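Here are some short exercises to try with the model open in your viewer. Have a go at each task before you read its solution.

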Amino acid sequence: MADPTSMATVGLVEQFIKFTTDAAGLERTFRFAQAITQILIFVSGTTIVQSFFIALLSGGGGGVIKDPDIIPALDVLRGRFALGRRYFRLFRFLEAFRDAAALFSTSGVSSSDDASDGGRKKGKGRGLETWLMISARSFNGMYLLLESATFVDTIAAGAGAGGFGIWGQEGARVLMVEANRFWFVSLLCAAAAAVVRLKTMVREEEEGGGRKIGMGQDEKRGVDGGGMEETKKKENGKDSKRKTDTFRIVRRLVADVLDLAIPGSVVGWVPLSPGNVGLAMLGSTMLTGAEVWERCGKELAADRTRVKAS
């Protein structure tokens with residue numbers, strides 16, 4: 001019989017491999033490294049941290065890396081991580097615009113053959129949450145589009161060949177500032193949509209609580225009808241799913257709020273030091289990375305199910 005501990009370890013290793021070879025997982029890994037590097041740049045002014053990096057970067061030999069070289073070296077490393085992440089986002093603006101268009105087209109009120117209602121079918125249509133999500137995806141698409149437009153300039157500047165850029169260094173800088181404005185508004189819309197969704201779920205849960213009280217009274221009176229147990233199981237399953245959904249929405253909401261520090265500091269709307277921005281980036285990266293980690297685990301479980309079924 002296989003050891004459950006060893007099986008769990010193998011499963012964890014497989015999930016880690018899946019995560020680090022997944023495009024989103026690898027991008028989160030680079031983002032994590034970028035955040036750590038940015039934090040280290042902020043704290044590297046202390047004597048203890050300086051001594052540690054001098055010993056680490058010089059291989060213990062001393063004298064190879066001098067104190068003034070620490071911050072520039074870390075800043076170059078941070079820039080490399082940031083540039084590496086941009087390769088993964090180069091055409092992501094297409095995905096963002098596609099998602100916004102899909103939300104707009106699928107959430108509309110469909111047509112009806114009944115002319116008495118003006119040719120409109122009775123339905124909820126596009127509510128506040130839907131409009132906020134459409135706005136969030138659209139603004140995010142604009143951010144990614146402008147960022148991609150400066151990609152060549154970023155590559156040229158990193159290679160020391162700024163003359164080969166499209167917009168020039170100043171033009172690229174202006175575009176990136178405008179891109180971060182779009183990102184900031186996108187995050188605000190996404191956070192507002194999450195709050196609206198949570199309020200809706202609370203209201204639905206309160207309404208469901210009233211139905212559960214009625215079910216309990218029927219059970220006390222002995223009214224079962226052969227389906228009470230099955231109904232209770234369904235309700236328990238819905239409660240479990242509702243808690244999971246709530247946790248994920250809150251996790252994404254916290255990540256979006258933390259991410260506001262990044263574009264907000266670029267455009268001057270959130271006055272935070274680079275170290276605090278790095279901490280916010282680290283927190284949001286861990287939260288969003290957990291989403292990718294869970295998705296990789298589900299994909300592995302689905303693959304195992306298909307293998308067993310075949």
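**Exercise 1. Classify Arg 137 as buried, partly exposed or exposed, then find its salt-bridge partner.**

Solution. This is a predicted model, and its values are computed from it.
- Step 1: The relative accessibility of Arg 137 is 29%. Buried would need under 20% and exposed over 50%, so Arg 137 is partly exposed.
- Step 2: The side chain of Arg 137 forms a salt bridge with that of Asp 99, at 3.8 Å from N to O.
- Step 3: Arg 137 sits in helix H6 (residues 128-149) and Asp 99 in helix H5 (residues 92-106); with their positions 38 residues apart, the pair links distant parts of the chain.
- Step 4: Asp 99, with a relative accessible area of 22%, is partly exposed too.

**Exercise 2. Work out which parts of the chain the salt bridge between Glu 294 and Arg 248 ties together.**

Solution.
- Step 1: The two side chains meet at 3.9 Å, N to O.
- Step 2: Glu 294 belongs to helix H11 (residues 274-309) and Arg 248 to helix H9 (residues 228-259), so the bridge ties together parts that are 46 residues apart in sequence.
- Step 3: Glu 294 has 28% relative accessibility and counts as partly exposed. Arg 248, at 31%, is partly exposed as well.

**Exercise 3. Describe the spacing and the exposure of the salt-bridge pair Arg 252 and Asp 256.**

Solution.
- Step 1: The salt bridge between these side chains spans 4.0 Å, N to O.
- Step 2: Both residues lie in helix H9, four residues apart, so about one helical turn separates them.
- Step 3: Arg 252 is partly exposed at 33% relative accessible area, whereas Asp 256 is buried at 6%.

**Exercise 4. Place Arg 89 in its surroundings.**

Solution.
- Step 1: Look for Arg 89 in the loop between helix H4 (70-88) and H5.
- Step 2: Its relative accessible area is 12%, so Arg 89 is buried.
- Step 3: Leaving out residues up to four places away in sequence, Arg 89 touches Glu 27, Tyr 143, Leu 144, Glu 147 and Ser 148.
- Step 4: Arg 89 also belongs to a network of salt bridges that links it with Glu 27, Arg 28, Arg 85 and Glu 147.
- Step 5: For the wider count, the structure holds 22 salt bridges.

**Exercise 5. Find a charged patch and a nonpolar patch on the surface.**

Solution.
- Step 1: Glu 204, Glu 205, Glu 206 and Glu 207 gather in a patch of negative charge. Of these, Glu 205 lies in helix H8 (residues 168-220) and is partly exposed at 47% relative accessibility.
- Step 2: Val 13, Phe 16 and Ile 17 make a nonpolar surface patch of about 280 Å². Val 13 is in helix H1 (residues 4-21) and, with a relative accessible area of 45%, is partly exposed.

**Exercise 6. Summarize the protein chain as a whole: how many helices and strands are there?**

Solution.
- Step 1: The chain contains 11 helices and zero strands.
- Step 2: Of its 310 residues, 31% are buried.
- Step 3: Take the contacts between residues at least 6 apart in sequence: 75% of them join residues at least 24 apart.
- Step 4: The accessible surface is about 18800 Å², and carbon and sulfur atoms account for 64% of that area.

Conventions:
Residues are numbered from 1 along each chain as its sequence is written. This is a predicted model: local features need pLDDT of at least 70, side-chain atom pairs count only at pLDDT 80 or more; totals for chains, interfaces and linings use all residues. Side-chain values use heavy atoms; hydrogens and water are left out. Patches are made of residues with over 30% relative accessible area and no salt bridge: like charges are joined within 9 Å, nonpolar side chains (Val, Leu, Ile, Met, Phe, Trp, Tyr) within 5 Å. Accessible areas come from the Shrake-Rupley method with a 1.4 Å probe; for residues, only the protein chains shown count as cover. Lys and Arg count as positive and Asp and Glu as negative; His and the chain ends are not counted. The place of a charge is taken as NZ of Lys, CZ of Arg, CG of Asp or CD of Glu. Helices (H or I, at least four residues) and strands (E, at least two) are DSSP runs, numbered from the N terminus. Buried means under 20% relative accessible area, exposed over 50%, partly exposed in between (1.4 Å probe, protein chains only). Contact means heavy atoms within 4.5 Å.
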